[in-house]
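The following exercises ask the reader to examine a protein model step by step. Each task is followed by a worked solution.

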Amino acid sequence: MKSIQVSDEVHRILTNMGSKKQSYNDIIYSLIEKNRVMEEFSEEKAEYYNECIEKLEKDDCSDTYKIKLEDLDDKLEELESKGII
């Protein structure tokens, strides 16, 4: 086990982030894992998603299609099986 120093503010933030059952180690580890996932988000994907958001903000729905709510689960499974999402 190692010790690290944190400011009072960081200590307060970590305390508020976790549940009473979580140790500071658990909370910090969780933050590291979330950061790792974000690093895996490539610049190309970020650029593509930002372009999609800009289109939607301009009411340009040319790259979208309608789907019935009851078909949503099936469509999501299909897209996952194709590796799209």
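Helices are DSSP runs of H or I with at least four residues, numbered from the N terminus. The model examined here is predicted.

**Exercise 1. Determine which helices each supply at least two residues of the lining of the second largest pocket, and describe that lining.**

Step 1. The helices in question are α1 (8-17) and α2 (24-39), each of which supplies at least two lining residues.

Step 2. The lining consists of Met1, Lys2, Ile4, Val6, His11, Leu14, Tyr24, Asn25 and Ile28. The largest share, 3 residues, comes from α2.

Step 3. Sorted by class, this lining has 6 nonpolar, 2 polar and 1 charged residues.

Step 4. The volume of the second largest pocket is about 230 Å³.

**Exercise 2. Describe the largest pocket: state its volume, its lining residues and their classes.**

Step 1. The largest pocket holds about 410 Å³ of space.

Step 2. Its lining is formed by Tyr48, Tyr49, Cys52, Lys55, Leu56, Asp60, Asp63, Thr64, Tyr65, Leu79, Ile84 and Ile85.

Step 3. Helix α3 (residues 43-57) gives the largest share of this lining, namely 5 residues.

Step 4. By class, the lining of the largest pocket comprises 8 nonpolar, 1 polar and 3 charged residues.

**Exercise 3. Is isoleucine 84 buried or exposed, and where in the chain is it placed?**

Step 1. Isoleucine 84 lies in the segment after α4 (72-81). This residue is also one of those that line the largest pocket.

Step 2. The cut-off for an exposed residue is over 50% relative accessible area. Isoleucine 84 has 55% relative accessibility and therefore counts as exposed.

Step 3. The position may also be related to a residue elsewhere in the chain. From C-alpha to C-alpha, isoleucine 84 and lysine 21 are 37 Å apart in space, with a separation of 63 residues in sequence.

**Exercise 4. Explain why cysteine 52 does not form a bond with cysteine 61.**

Step 1. A disulfide is a covalent bond between the sulfur atoms of two cysteines.

Step 2. To count as a disulfide, the two sulfur atoms must be within 2.5 Å.

Step 3. The cysteine sulfur closest to that of cysteine 52 belongs to cysteine 61 and is 11 Å away, which is too far for a bond. Taken from the other side, the closest cysteine sulfur to that of cysteine 61 is in cysteine 52, again at 11 Å.

Step 4. The structure accordingly holds 0 disulfides.

Step 5. The accessibility of both residues completes the picture. Cysteine 52 counts as partly exposed because its relative accessibility is 22%, and cysteine 61, at 45%, also counts as partly exposed.

**Exercise 5. What is notable about phi of aspartate 59, and where is this residue found?**

Step 1. Most residues other than glycine have a negative phi.

Step 2. Aspartate 59, a residue other than glycine, has a positive phi, near 60 degrees.

Step 3. This residue is found in the loop between α3 and α4. Its relative accessibility is 68%, so aspartate 59 counts as exposed.

**Exercise 6. Characterise the protein chain as a whole, beginning with how many helices and strands it has.**

Step 1. The chain has 4 helices and 0 strands, and their order along the sequence is α-α-α-α.

Step 2. For a compact globule of 85 residues, a radius of gyration near 12 Å would be expected, whereas this chain has 20 Å.

Step 3. Along the principal axes, the C-alpha atoms fill a box of roughly 55 × 30 × 20 Å. As an example of a separation within the chain, lysine 45 and glutamine 5 are 36 Å apart, C-alpha to C-alpha, and 40 residues apart in sequence. Lysine 45 is part of helix α3 and counts as partly exposed because its relative accessibility is 45%.

Step 4. Of the 85 residues, 6% are buried. The chain exposes about 8400 Å², and 53% of this area is supplied by carbon and sulfur atoms.

Terms used: Residues numbered from 1 in each chain as written. Predicted model: local features only at pLDDT ≥ 70, side-chain atom pairs only at ≥ 80, totals over all residues. Heavy atoms only, no water. 1 Å grid on protein atoms, 1.4 Å probe; cavity = no way out; pocket = protein on both sides within 12 Å on 5 of 7 lines; lining within 4 Å. Points joined across faces, edges and corners; volume = space filled by probe spheres on them. Nonpolar A, V, L, I, M, F, W, Y, C, P; charged D, E, K, R; others polar. Buried < 20%, exposed > 50% of the residue type's maximum accessible area, 1.4 Å probe, protein only. Rg over C-alpha atoms; globule rule 2.2 N^0.38 Å. Areas by Shrake-Rupley, 256 points an atom, 1.4 Å probe, with all protein chains shown as cover.
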